[in-house]
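Please work through the exercises below with the sequence and the coordinates at hand. Each task is followed by a worked solution.

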Amino acid sequence: MPSLLHYAVVTDPTSLPASQPGAPSVGTVYVIVSNTHQSDVRWEYIDVEIPVGTGPSDLTDDPTVISASADLDYTAWLEPAPDFSWNAGLGRFRAHHPQGGGRLTLPYDQSLILKLDGIPVSGTAGLIRLRILEKSGGGDDNVPMRRDHFTTTLGLVKQAAPRIPRNFRPEKNSLVDVDAGGSVVLKWDGPDNLDYWIRDPEGNETVVATAAAQGSPVRQQPYMWSPIVPPKRGTTYTLVAGVRGTGQPEQGYFLTTTVHALVPEFGSGTRTPWVEGTVNQGRVTFSADGAEIRNGSGGWGTIHADKADVNGVNTKWVQGRDTNDGRIEFPDTGLDVFHGQGREWGTVHADKADVNGVNTKWVQGRDTNDGWIEFPDTGLNVFHGSGREWGNVHADKADVNGVNTKWVQGRDTGDGWIDFPKSGVRVFADGQNEWGTLKAGKADLDDLITGEGKVRGHFIVEGGMKLSHEGQSLFLTLPDRIVFEGINDFKKWVTFADGLAVTYSKTGSVWISKASKGLSVHGDLQVDGVISVTTGGNSPQVRTL
């Protein structure tokens with residue numbers, strides 16, 4: 001007589017894969033218990049007996065790790081839910097009244113599910129017989145409770161390897177360091193009676209393997225394939241397994257796997273509202289007018305770069321990398337340079353400065369002892385050293401409207417020099433206070449005062465010449481005559497080309513002319529001494545008058 005209850009078995013996965021070395025298989029078995037009668041069935045126990053061992057007909061070699069449970073889709077009045085668990089003494093999984101010895105009811109048109117979960121599937125493929133032992137009574141014929149159990153045998157398949165493609169995956173991991181020369185190897189397992197080809201995201205297809213000849217035994221084997229060019233960003237590859245033929249639509253199995261470049265490269269750009277760092281959470285946000293750099297707290301961040309080539313920078317200030325470095329601020333008036341953490345004026349170092357103007361109190365060389373220039377209200381002061389001693393201005397040419405100076409000297413300390421007293425200009429020689437020589441092509445003076453005048457060439461006076469001593473006139477030249485005052489003492493000969501005339505006011509005159517060849521006296525002639533007359537000849541005669 002058959003069992004009063006009806007049994008069916010379902011597995012997950014539908015074909016339980018046998019465990020392989022390094023790849024254990026775990027599955028679930030569902031036993032569906034149904035009451036097909038129009039009357040209730042009373043039952044004392046339902047046992048599920050599974051074969052234990054490692055052979056082809058064995059389901060598992062360790063039933064103690066299997067999790068057993070019962071799932072009811074009905075409620076029996078005043079009855080508890082059944083207990084379903086492993087009974088080591090019987091070597092079966094038994095469903096029964098939780099208090100033992102009682103009977104339970106399976107109402108008509110109802111069912112319960114006995115679940116065996118987490119089954120470690122043994123490693124050899126084969127057909128497994130599952131025996132159901134049921135002790136029950138009732139039903140349409142109101143069969144009395146039997147002394148022994150009914151027995152029902154169910155079968156399920158334990159498959160050595162699935163007969164479809166599976167395990168499409170990267171060989172090691174899905175992250176590839178392309179910059180370091182990393183490559184991609186895709187692997188899968190499947191039967192050899194199928195064609196296999198790979199399709200990339202652009203739709204390009206590469207045939208990897210073709211099906212074995214028909215009639216040959218179907219064998220399971222591993223496959224592998226590598227793209228010629230490793231992916232530079234996240235790329236999904238599709239494995240297509242089926243039959244390819246001219247005019248024949250593609251059909252079969254489709255498996256996908258995705259690999260990623262460690263540093264992705266996008267050939268057509270990337271659209272994103274922001275980019276954030278992985279460690280310090282610095283962020284670049286793309287605003288309407290460009291990009292914003294933020295730190296991990298959301299405030300303005302810092303850009304670190306070896307070089308920045310930009311058309312313009314709008315910033316409140318610029319500072320060196322250290323907090324004590326100099327900084328530049330940009331107020332409305334222009335540019336401020338500070339040093340340290342305070343607001344003390346700093347120093348600008350540059351090879352060249354091209355500016356329209358510089359407002360500064362002073363300018364000095366790089367060393368503290370160098371010369372320096374200050375700018376008072378009166379103009380410009382040049383000093384040397386660390387004090388306020390006057391310094392020197394060295395230039396090839398100076399074009400100024402005026403120079404106020406105490407003295408002027410040549411480049412060497414022994415050169416002549418000029419000083420400027422209140423009375424005028426003085427010229428000295430040899431760097432000393434000895435009078436020097438003024439050399440010029442022409443001198444146009446209103447007055448010439450000199451202690452000694454020397455003329456090496458011709459002395460030409462135009463307009464007359466006047467000599468005086470202590471205010472007393474001595475010598476005066478006029479267009480028609482020369483006037484002498486005082487005593488004229490001629491130590492040597494005086495030669496007159498045409499004659500000599502001496503005129504005395506009101507008393508007469510004396511002259512000697514070229515025409516008269518003698519001395520003419522007009523007026524009285526007085527001689528205090530002797531007048532003598534000589535005659536010509538070899539022996540002149542002298543007569544005294």
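The exercises concern a predicted model, and they pass from the whole chain to single residues.

**Exercise 1. The overall form of the chain**

Task: Determine how many helices and strands the protein chain has, and decide whether the chain is spread out or compact relative to the globule rule.

Solution.
Step 1. The secondary structure comprises 42 strands and zero helices.
Step 2. For 545 residues the globule rule gives 24 Å, whereas the radius of gyration of the protein chain is 67 Å, so the chain is more spread out than a compact globule.
Step 3. The extents of the C-alpha trace along its principal axes are about 220 × 60 × 40 Å.

**Exercise 2. Surface, burial and charge**

Task: Describe the exposed surface of the protein chain, its share of buried residues and its charged side chains.

Solution.
Step 1. The exposed area of the protein chain is about 40700 Å², of which carbon and sulfur atoms supply 50%.
Step 2. Among the 545 residues, 23% count as buried.
Step 3. There are 66 negative and 50 positive side chains, and the centres of these two sets are 5 Å apart.
Step 4. Of the contacts with a separation of 6 or more, 50% are made by residues 24 or more positions apart.

**Exercise 3. A residue before the first strand**

Task: Is S3 buried or exposed, and which residues does S3 touch beyond four places in sequence?

Solution.
Step 1. S3 belongs to the segment that precedes β1 (6-12).
Step 2. The relative accessibility of S3 is 14%; because this is under the 20% limit, S3 counts as buried.
Step 3. Beyond four places in sequence, S3 touches E134, F150, T151 and T152.
Step 4. With one of these residues, T152, the side chain of S3 forms a side-chain polar contact of 2.9 Å.
Step 5. Two of the strands can be placed here as well: β10 covers 126-138 and β11 covers 150-159.

**Exercise 4. Backbone features in loops**

Task: Identify where the cis peptide bond lies, and state which phi values N142 and Q281 have.

Solution.
Step 1. The peptide bond from D12 to P13 is cis, with omega near 0°. P13 is in the loop that joins β1 and β2 (16-17).
Step 2. N142 is not a glycine, yet its phi is positive, near 50°. This residue lies in the loop between β10 and β11, and N142 counts as exposed at 61% relative accessibility.
Step 3. Q281 is likewise not a glycine and has a positive phi of about 60°. Its loop runs between β20 (274-276) and β21 (283-287). With a relative accessible area of 34%, Q281 is partly exposed.

**Exercise 5. Two buried strand residues**

Task: For E329 and T238, state in which strand each residue lies and which residues each one touches.

Solution.
Step 1. E329 is part of strand β24 (residues 327-329), and its relative accessible area of 15% makes it buried.
Step 2. The side chains of E329 and R327 make a polar contact at 3.2 Å.
Step 3. Beyond four places in sequence, the residues touched by E329 are K316, W317, G334, L335, D336, F338 and R343.
Step 4. T238 is in strand β18 (residues 235-242) and counts as buried at 17% relative accessibility.
Step 5. Beyond four places in sequence, T238 touches F168, W197, I198, R199, F254, L255 and T256.

**Exercise 6. Separation along the chain and in space**

Task: What is the C-alpha separation of T360 and E374, of T238 and V363, and of V521 and G334?

Solution.
Step 1. T360 sits in the loop between β26 (344-345) and β27 (362-364) and is partly exposed at 36% relative accessibility. A polar atom of its side chain lies 3.0 Å from the backbone oxygen of W362.
Step 2. T360 and E374 are 14 residues apart in sequence, with 8.2 Å between their C-alpha atoms.
Step 3. T238 and V363 are 125 residues apart along the chain, and their C-alpha atoms are 75 Å apart.
Step 4. V521, in strand β40 (residues 518-522), is partly exposed at 30% relative accessibility. Outside four places in sequence, V521 is in contact with S509 and V510.
Step 5. V521 and G334 are 187 residues apart along the chain, with 99 Å between their C-alpha atoms.

Technical notes. Residues are numbered from 1 along each chain as its sequence is written. This is a predicted model: local features need pLDDT of at least 70, side-chain atom pairs count only at pLDDT 80 or more; totals for chains, interfaces and linings use all residues. Side-chain values use heavy atoms; hydrogens and water are left out. Helices (H or I, at least four residues) and strands (E, at least two) are DSSP runs, numbered from the N terminus. Buried means under 20% relative accessible area, exposed over 50%, partly exposed in between (1.4 Å probe, protein chains only). A polar contact is a pair of N or O atoms within 3.5 Å; within protein, one must be able to donate a hydrogen and the other to accept it, and residues adjacent in sequence count only if both atoms are side-chain atoms. Contact means heavy atoms within 4.5 Å. The radius of gyration is taken over C-alpha atoms; the globule rule is 2.2 Å times the number of residues to the power 0.38. Accessible areas come from the Shrake-Rupley method with a 1.4 Å probe; for residues, only the protein chains shown count as cover. Lys and Arg count as positive and Asp and Glu as negative; His and the chain ends are not counted. The place of a charge is taken as NZ of Lys, CZ of Arg, CG of Asp or CD of Glu.
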